[in-house]
Amino acid sequence: MKNNQKLTILGGISAEQFLSQYWQKKPLLIKQAIPNFAGLLSADELAGLSCESEVQSRLIRHENSEWQVEDGPFDDDDFARLPDKNWTLLVQTVNHHVPEAYDLLRQFNFIPTARLDDLMVSYAPDGGGVGAHVDSYDVFLLQGQGKRHWQWSNQQDLSLVEGAPLKLLKHFKMEEEYVLEAGDMLYLPPQYAHWGVAVGECMTYSIGFRAPSNQELAIEFLNYMQDKCELDGLYQDADLTLQVAPAEISTLMVDKVSNTLNKLVWHSENVADFLGRYLTEPKPQLYFEANKKLSLKKFAEQAAKVGLMLDLKSMALFQGAYFYLNGEILLMSKNQQALIELANSRHLAPEMVAKFDDLQALHEWYLAGYLQFND
């Protein structure tokens, strides 16, 4: 991407201007970010996805001032009993199931892939929504078919409604509002209160960028460090003196153990390796379907003909000389250019496969379902 290149999807401002003035700072409303955006799938296709067991989905209903939430998978009977309005179907990780989703996500490459969470798509008849709430991540709300009335606020009062099945704001105070039509988009930073309501039938595409809490990062990093730290010796207390209360944990013992733990150190290389594994680790509910057995020779021949691509569910990142794929690590060595291309574009051209000097790794990833042949 050229420096200062103005982007239609950002309303004619450059990526640099967006990052400096809006990203994690304030909302941005963009008219016709994708002119006349028709969406990637129909309402029926979205409902079909929500019927699959490996797809995360929810139905949210609002009746008589009461909220109801039901988790998928769903079936035809679930949809047949729904009222004409005031409900919403939410389907997560649509990018894992719809190839065209990555063409859409590629338009947001001005944000690092390491921050990408997923593409969520919602369908709602008239009046459907999920109530006033805040998200803990950055989100671009792109309107597909129909219209949605959005209200948003930078309010500091984030107290929640007690006993509700959703994290709904108790005191939502609208500061701005707008009706988004097909192709319009609203960017919201984390912790910005917002409320969207369908105006007639509508579908909304939510491009979310994960912002893990510091607590989560700390816990996951300490788990990672379990296998990395090495402290020699045993606990010693040759200077032990008689205690009046034998069951008391002495200050001497606390100090000795504190001094030992203070010897725990880590370096930027540890943090980089942790992030590579943590950010590409598949979510618990995600699984890969292994490809049929194929010999290394036949795999190499086919890959050299048509090239390779990441499976829709795969996540690849790189840092320094290391390549991370679905929580696994590989030293790039001579294949650095090819693996960087695979991470950035999700494709590996036939000519680059032919030059790859570690086809065994590619073959193993293919068998595991991490890679597929180019269509």
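## Pockets, a cavity and a surface patch

The second largest pocket holds about 680 Å³ of space. Of the 37 residues lining this pocket, Arg210, Leu279, Thr280, Glu281 and Met315 are the closest to its centre. The structure you are looking at is a predicted model, so keep that in mind as you explore. Here is a short tour, starting with the pockets and ending with a few single residues.

**The second largest pocket**

- Several elements each give at least two residues to the lining of the second largest pocket: helix 4 (101–105), strand 7, helix 5 (214–225), helix 7 (268–280) and helix 9 (336–345).
- Helix 7 gives the largest share of that lining, with five residues.
- Sorted by class, the lining of the second largest pocket has 17 nonpolar, eleven polar and nine charged residues.

**The largest pocket**

- The largest pocket has a volume of about 880 Å³.
- Its lining is made of 35 residues, and those nearest the centre are Arg58, Met120, His133, Asp135 and Tyr137.
- Strands are worth tracing here: strand 4 (57–63), strand 6 (87–91), strand 7 (116–124), strand 8 (138–143), strand 9 (147–153), strand 12 (193–199) and strand 13 (202–209) each supply at least two residues of the lining of the largest pocket.
- Strand 7 is a good one to find in the viewer, as it supplies at least two lining residues to the largest pocket and at least two to the second largest pocket.
- By class, the lining of the largest pocket counts 15 nonpolar, 14 polar and six charged residues.

**The cavity**

- How many cavities of 30 Å³ or more does a search of the whole structure find? The search finds one.
- The largest cavity contains about 90 Å³ of space.
- You can pick out its lining residues one by one: Glu54, Gln56, Thr93, His96, His97, Lys283, Gln285, Leu286, Tyr287 and Lys313.
- In the lining of the largest cavity, two residues are nonpolar, five are polar and three are charged.

**A nonpolar patch on the surface**

- Leu231, Tyr235, Ile249, Met253, Val254, Val257, Leu261 and Leu264 make a nonpolar surface patch of about 680 Å².
- One of these patch residues, Leu264, sits in the loop between helix 6 (251–261) and helix 7.
- Is Leu264 buried or partly exposed? Leu264 counts as partly exposed because its relative accessible area is 34%, which falls between the cut-offs of 20% and 50%.

**Helices and single residues**

- In helix 9, the buried residues include Ala338, Leu339, Leu342, Ala343 and Ser345.
- Just after helix 9 comes Arg346, which has a positive phi, near 70°.
- Leu49 belongs to helix 2 (residues 43–50). Leu49 counts as buried because its relative accessibility is 8%, and buried means under 20%.
- From Leu49 to Asp84 there are 35 residues in sequence, and their C-alpha atoms are 21 Å apart in space.
- Asp103 has its place in helix 4. With a relative accessibility of 45%, Asp103 counts as partly exposed.
- Asp103 and Glu63 are separated by 40 residues in sequence and by 37 Å in space, C-alpha to C-alpha.

Methods: Residues are numbered from 1 along each chain as its sequence is written. This is a predicted model: local features need pLDDT of at least 70, side-chain atom pairs count only at pLDDT 80 or more; totals for chains, interfaces and linings use all residues. Side-chain values use heavy atoms; hydrogens and water are left out. On a 1 Å grid over the protein atoms alone, a cavity is a set of points where a 1.4 Å probe fits but cannot get out, and a pocket is an open set with protein on both sides within 12 Å along at least five of seven lines; lining residues have an atom within 4 Å of a point. Grid points are joined across faces, edges and corners, and a volume is the space filled by probe spheres set on the points. Helices (H or I, at least four residues) and strands (E, at least two) are DSSP runs, numbered from the N terminus. Ala, Val, Leu, Ile, Met, Phe, Trp, Tyr, Cys and Pro count as nonpolar, Asp, Glu, Lys and Arg as charged, and the others, Gly among them, as polar. Patches are made of residues with over 30% relative accessible area and no salt bridge: like charges are joined within 9 Å, nonpolar side chains (Val, Leu, Ile, Met, Phe, Trp, Tyr) within 5 Å. Accessible areas come from the Shrake-Rupley method with a 1.4 Å probe; for residues, only the protein chains shown count as cover. A salt bridge is a side-chain nitrogen of Lys or Arg within 4 Å of a carboxyl oxygen of Asp or Glu. Buried means under 20% relative accessible area, exposed over 50%, partly exposed in between (1.4 Å probe, protein chains only).
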